[in-house]
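Please take a moment to look over the model below before reading on. The paragraphs that follow lead through its sheets, its ligand and a few details of its backbone.

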Amino acid sequence: MKFNTAVLHEGVSRDERFGATLTPIYFSSAFQHSSAEELADVFSHKKPGFNYTRTGNPTVSAFENRMTKLEKGIASIGFSSGMAAVSNALLNILSSGDHVVATATLYGGTIYLFNDLEQFGITTTFVRNNDFEQIENAIRDNTKVLFAETIGNPSLDVTDLGKLAEIAHRHNIPFVVDNTVATAYLVRPVEFGADVVINSSSKYINGNSTGISGVLTDSGNFNWNNGKFQNFDKFKKFGKFAFIAKLRNGLFRDLGACLSPQNAFYNLLGLETLALRFERSCSNALKLARWIAENHSAVTVNYPGLETSPSYEIAGRILKGGYGSIITIRVGSRENAFKIMNSLKLAYITSNIGDTKTLVLHPASTITVNNTEEQRIASGVYQDLVRISVGVEDIEDLIEDFDQAFKSVEGV
Ligand SMILES: *Cc1c(COP(=O)(O)O)cnc(C)c1O
């Protein structure tokens, strides 16, 4: 099935009871069973079924199954947020004393997480994305994860997924990829060798910003029995489902960052139009980026779909069907950035991406405000940088809005 069909038909069985055309929202904290034996069997995984929504729910499960198909994995787990998905994915693998190699251009929240994991004895080395030699040299004996994002946010560097997967696997460690900014519409990282894929479904998957959620998908391809991951020994019997079994029978259950059935429903609804919305956002972003480059030479525009982008060549190999919906612009000073943002009439000033509406943000004073200036620059955030998450509006209206906003600032 191709993507537009898959978002509508794959992974979710039809409602046999009443013929509902959408998966109903199962607003129930717990599920009853016909006998004590049956509930015991559900608890010991001898029988499929649900017992308590913190560990599983039919609406959540439908969303997980559809994501598994779209990301070409073997199983998924939904979470209360993208950060919960990132945290659970990492903590399922790492123990005290372990080390991570991560690209420096990560989402600010994920950099906070790596900093905060230090109190548990888990350390991280940040490397320049696609600097294969630096990445290789940063891997040590106790390194247990190589972590990257498909498209860095907001630096918009596109990761050479195949190459990083190869480096990770040469060192017998899993390659974990955050695919939020690209989505499965542009690329399935598993097809390039990623072992675990994370999405903040608060963004494009949900699409309308109706709720926070996240999801991780396991490829089933990583060999956890290679001698480096003793914490997986008890889960050998689950074969290629070892990663998911360990998480479901461990920290996912314990930390309780479960996805609400209501938000799972919004995500299923959002997924149905993911391809349509994202196709439009990507094409709007390319048009807006080109228009800015051609008409406002004082503005430096960064977009992987422009030939001037350092990621243009890699983007052409990794992404299919577009270059994402995020553009960043540098406008000379923080004052100019604020003035342009305040002059926009259509765009919302919001710390979010992936809405149907166009959103703008000043990352240096918001999502990266607690990072050091050095971390900010390494992640491509400057004081004069504005991030634009391009929506699905008519491009003529967007261009008109940005034109009048640029004209409000002298010299731009
Ligand atoms: C937003 C985002 C996250 C965090 O997701 P939440 O749903 O806000 O917790 C993680 N990674 C990337 C790339 C994001 O854009």
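Which strands does helix α12 lie across, and at about what angle does α12 run to β9? In this predicted model, helix α12, made of residues 274–295, lies across β8, β9 (326–330) and β12 (385–389), and its direction makes about 20° with that of β9.

The strands under α12 belong to an open sheet of five strands with mixed pairing, whose order is β8-β9-β12-β11-β10. Because β8 (300–302) and β10 (348–349) stand at the edges of this sheet and have a single partner strand each, one side of each is left without a neighbour in the sheet. The partner of β10 is strand β11 (residues 359–361), to which β10 is joined by two bridges, the two strands running parallel. Within this pair, I349 has V360 of β11 as its bridge partner. As a general matter, the strands of a sheet pair through backbone hydrogen bonds, and they may do so either parallel or antiparallel.

A second open sheet is built from seven strands in the order β1-β7-β6-β5-β4-β2-β3, and its pairing, too, is mixed. Here the edges are taken by β1 (75–79) and β3 (123–127), each of which has a single partner strand, so one side of each is left without a neighbour in the sheet. From one strand to the next, the twist of this sheet averages 20°. At one edge, strand β2 (residues 99–103) runs parallel to β3 and is joined to β3 by five bridges, and the bridge partner of V101 in β3 is T125.

Helices pack on this sheet as well. Helix α5 (residues 108–116) touches β2, β3 and β4 (143–149), and the direction of α5 makes about 140° with that of β3. Helix α7 (residues 161–170) touches β2, β4 and β5 (175–178), and its direction makes about 150° with that of β5.

The model also holds a ligand, and 14 residues surround this ligand, the closest being G82, D178, S200, S202 and K203. Sorted by character, the residues of this shell divide into four nonpolar, seven polar and three charged. A backbone N or O atom of G82 lies 2.8 Å from an oxygen atom of the ligand, and a backbone N or O atom of M83 likewise lies 2.8 Å from a ligand oxygen atom. K203 takes part through its side chain, in which an N or O atom is 2.8 Å from an oxygen atom of the ligand. On its own the ligand has 380 Å² of accessible area, of which the protein covers 92%.

Two details of the backbone remain. Most peptide bonds are trans, and most residues other than glycine have a negative phi. The peptide bond from N153 to P154, however, is cis, with omega near 10°, and P154 lies in the loop between β4 and α7. H45, a residue other than glycine, has a positive phi near 60°, and H45 is found in the loop between α2 (36–43) and α3 (58–70).

Technical notes:
Residues are numbered from 1 along each chain as its sequence is written. This is a predicted model: local features need pLDDT of at least 70, side-chain atom pairs count only at pLDDT 80 or more; totals for chains, interfaces and linings use all residues. Side-chain values use heavy atoms; hydrogens and water are left out. Two strands pair if DSSP finds at least two bridges between them. Helices (H or I, at least four residues) and strands (E, at least two) are DSSP runs, numbered from the N terminus. Contact means heavy atoms within 4.5 Å. Axes are lines fitted to C-alpha atoms, for helices over the stretch in contact, and angles run from 0 to 180 degrees between N-to-C directions. A residue is near a molecule or strand if one of its heavy atoms lies within 4 Å of it. A polar contact is a pair of N or O atoms within 3.5 Å; within protein, one must be able to donate a hydrogen and the other to accept it, and residues adjacent in sequence count only if both atoms are side-chain atoms. Accessible areas come from the Shrake-Rupley method with a 1.4 Å probe; for residues, only the protein chains shown count as cover. Ala, Val, Leu, Ile, Met, Phe, Trp, Tyr, Cys and Pro count as nonpolar, Asp, Glu, Lys and Arg as charged, and the others, Gly among them, as polar.
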